[in-house]
Amino acid sequence: MARNRKKEVKMKKLLLAIWFIFLIALATFGVVLYKKRKSISDDFTFTTRFSYQTNANQDINALIITYLNAYASCDQTLLKQCVVDPSEFDDMSKVQDQSRIITSYTSINCYTVTGLDDNSTLVYPVARISIVGVTSTPLDIPGPYYVVKKDGQYLIDNTEWSEDLKTYVEKSNQSDDIQDLYKTVRDDEEKCKENDPSFRDFMNRLN
């Protein structure tokens with residue numbers, strides 16, 4: 001009986017020692033992980049934040065389509081309804097100048113990136129544009145636009161951007177996914193120039 005008792009005590013001490021070593025190892029791992037937490041978080045956030053979604057929010061799609069169509073048709077009322085600061089369109093001369101060249105946007109797809117907070121979205125629309133006197137309809141990326149949600153309504157933020165937002169957008173612009181979008185547009189432009197003399201002449205006039 002005494003021998004069994006000693007054996008039981010020895011076993012309990014061994015289990016306690018193993019448990020103590022496990023706790024020390026766990027604590028050490030936690031300290032190391034905490035020290036690396038910021039760099040891991042930054043890398044992960046950058047990777048996921050700049051992976052865009054395609055036509056993920058139909059309300060944002062509707063806003064961008066409405067805005068671009070309003071721009072092409074010089075619809076002052078609609079333009080003012082689409083933005084945070086309607087006073088930008090008190091003077092419509094800039095819109096009128098562009099609408100004399102670009103008459104419509106079609107086949108609009110919205111590639112979206114998470115904004116600085118949960119109520120904002122960075123939007124890269126890719127659309128085919130109709131140009132006066134040009135047969136083809138090349139791809140274009142108007143924007144990007146920073147869309148915010150105010151009182152349940154999505155609006156394009158056309159106010160002065162903060163330095164943080166400017167930096168954020170620039171990082172997004174340089175990400176591989178977004179650069180691929182721009183390359184797709186450039187490749188389509190080159191194809192149109194090769195196959196459509198009217199578009200080639202148009203681009204030459206711009207240059």
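This section describes the fold of a predicted model, its C-terminal helices and several individual residues.

The protein contains seven helices and six strands. Read from the N terminus, these elements follow the order α-β-α-α-α-β-β-β-β-β-α-α-α. Of the 207 residues in the protein, 32% are buried. Among the contacts with a separation of 6 or more, 59% join residues that stand 24 or more positions apart.

The last part of the chain is considered next. Helix H5 comprises residues 163-174, and its axis comes within 5 Å of that of H6, the two crossing at roughly 65°. This angle makes H5 roughly perpendicular to H6. On the side of H5 the contact involves Ser172, Asn173 and Gln174, and on the side of H6 it involves Asp176, Ile178 and Gln179. By character, the residues of this contact comprise one nonpolar, four polar and one charged.

Helix H6 (residues 176-195) also meets helix H7 (residues 197-206), and the axes of this pair come within 5 Å and cross at roughly 115°. H6 is therefore roughly perpendicular to H7. The crossing of H6 and H7 is left-handed. From H6, the residues Glu189, Cys192, Lys193, Glu194 and Asn195 take part in the contact, where they meet Pro197, Phe199, Arg200 and Met203 of H7. The residues of the contact of H6 with H7 divide into four nonpolar, one polar and four charged.

Within H7, the buried residues are Ser198, Phe199, Phe202 and Met203. Because these residues cover an arc of only 135° around the axis, they lie on the same side of H7. An α-helix has 3.6 residues a turn, so residues three or four places apart point the same way. The buried residues of H7 pack against H6 and against strand S3, which spans 120-131. Phe199 and Met203 thus appear both among the buried residues of H7 and in the contact with H6.

Several features of the backbone were also identified in loops. The peptide bond that leads from Gly143 to Pro144 is cis, with omega near 10°. Pro144 is located in the loop that connects strand S4 (139-140) with strand S5 (145-150). Asn55, although not a glycine, has a positive phi of about 50°. The position of Asn55 is in the loop between strand S1 (53-54) and helix H2 (58-73). With a relative accessibility of 24%, Asn55 counts as partly exposed. A positive phi, here of about 60°, is likewise found at Cys74, which is not a glycine. Cys74 belongs to the loop between H2 and helix H3 (76-81). The relative accessibility of Cys74 is 26%, and this residue therefore counts as partly exposed.

Three further residues illustrate how positions separated in sequence are placed in space. Leu78 is part of helix H3 and, at 30% relative accessibility, counts as partly exposed. Between Leu78 and Tyr67, which are 11 residues apart in sequence, the C-alpha to C-alpha distance is 7.1 Å. When residues up to four places away in sequence are not counted, Leu78 touches Thr66 and Ala70.

Val113 is located in strand S2, formed by residues 102-114. This residue has a relative accessibility of 2% and so counts as buried. Val113 is separated from Tyr124 by 11 residues in sequence and by 8.3 Å in space, taken from C-alpha to C-alpha.

Leu165 is placed in helix H5. Its relative accessible area is 4%, and Leu165 is therefore buried. Leu165 and Leu116 are 49 residues apart in sequence, while their C-alpha atoms are 7.4 Å apart in space. With neighbours within four places in sequence left aside, Leu165 is in contact with Leu116 and Tyr146.

Notes
Residues are numbered from 1 along each chain as its sequence is written. This is a predicted model: local features need pLDDT of at least 70, side-chain atom pairs count only at pLDDT 80 or more; totals for chains, interfaces and linings use all residues. Side-chain values use heavy atoms; hydrogens and water are left out. Axes are lines fitted to C-alpha atoms, for helices over the stretch in contact, and angles run from 0 to 180 degrees between N-to-C directions. Helices (H or I, at least four residues) and strands (E, at least two) are DSSP runs, numbered from the N terminus. Angles under 35 degrees count as roughly parallel, over 145 as roughly antiparallel, 65 to 115 as roughly perpendicular and the rest as oblique. A crossing is left-handed if the near helix is turned anticlockwise from the far one by less than a right angle, and right-handed if clockwise. Contact means heavy atoms within 4.5 Å. Ala, Val, Leu, Ile, Met, Phe, Trp, Tyr, Cys and Pro count as nonpolar, Asp, Glu, Lys and Arg as charged, and the others, Gly among them, as polar. Buried means under 20% relative accessible area, exposed over 50%, partly exposed in between (1.4 Å probe, protein chains only). The arc is that of the directions from the helix axis to the C-beta atoms.
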